Amino acid sequence: ALQGNTIWQMGTAEKLAIGKALAASGGASSIALVVATVVVAPMVEELLYRGYLLGALRERMPGFAAVLVSALLFVFVLHFEPANLVAALCLGLATGWCALRTGSLLPGIIVHMASNAFGLWYLSLAAG
């Protein structure tokens, strides 16, 4: 996920086959996939991009510009997949705005977790 290579973002037949197998297995690998994708990745990404980066940018530029720059970096560094660009940009903008408005990362983490959970759920439909 740190390189934007999450299973449903890659879209290649090989990656989708791996995702389908993991989603269908129901074992420890499925649990690990869910925990890594729905819990760990959103927490780490929000801490880095909306916590550290947005905070540092906010000291140097207006809030909207800081949110836009952090969202663009989020997309082009972590989630650069043509099929996912718009969704990732919207997620980055929304979670950045949440962090700026609330002064907390928690709303953005929850939204990010929900987004990733939806992606895994969508993948599981293809596995059935």
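By what fraction of a helix, or how many turns, are E46 and R50 separated in helix α3? The two residues lie 4 positions apart in helix α3, and therefore about one helical turn separates them. The account below places this pair within the predicted model and then turns to the packing of two helices.

The chain comprises 6 helices and 0 strands, so that, by the assignment of helices and strands used here, its elements read α-α-α-α-α-α from the N terminus on. Of its 128 residues, 34% are classed as buried. Among contacts with a sequence separation of 6 or more, 64% join residues that are 24 or more positions apart.

Helix α3 spans residues 28–58, and E46 belongs to it. The relative accessibility of E46 is 1%; because buried means under 20%, E46 counts as buried. Leaving aside residues up to four places away in sequence, E46 is in contact with G51, T95, L105, G108, I109 and H112. One of these, T95, lies at a position within the range of helix α5, which covers residues 85–102.

Side chains of opposite charge can pair when their charged atoms come close. E46 and R50 form a salt bridge, in which the closest N and O atoms are 2.9 Å apart. The structure holds 1 salt bridge. Both partners are buried, R50 as well as E46.

The second part of the picture concerns helices α4 and α5. Two packed helices are described by the angle between their axes and the distance between the axes. Helix α4 consists of residues 63–78 and helix α5 of residues 85–102; their axes approach within 8 Å and cross at roughly 140°. Because angles over 145 degrees count as roughly antiparallel and those from 65 to 115 as roughly perpendicular, this crossing makes α4 oblique to α5. The handedness of the crossing between α4 and α5 is right-handed.

On the α4 side, the contact is made by G63, F64, V67, L68, A71, L72, F74 and V75. Helix α5 contributes L85, A88, L89, L91, G92, L93, G96, W97 and L100. What is the character of the residues in this contact: nonpolar, polar or charged? They divide into 14 nonpolar and 3 polar residues, with no charged residue among them. The glycines G63, G92 and G96 belong to this contact, and glycine is counted with the polar residues.

Definitions and conventions
Residues are numbered from 1 along each chain as its sequence is written. This is a predicted model: local features need pLDDT of at least 70, side-chain atom pairs count only at pLDDT 80 or more; totals for chains, interfaces and linings use all residues. Side-chain values use heavy atoms; hydrogens and water are left out. Axes are lines fitted to C-alpha atoms, for helices over the stretch in contact, and angles run from 0 to 180 degrees between N-to-C directions. Angles under 35 degrees count as roughly parallel, over 145 as roughly antiparallel, 65 to 115 as roughly perpendicular and the rest as oblique. A crossing is left-handed if the near helix is turned anticlockwise from the far one by less than a right angle, and right-handed if clockwise. Contact means heavy atoms within 4.5 Å. Buried means under 20% relative accessible area, exposed over 50%, partly exposed in between (1.4 Å probe, protein chains only). A salt bridge is a side-chain nitrogen of Lys or Arg within 4 Å of a carboxyl oxygen of Asp or Glu.
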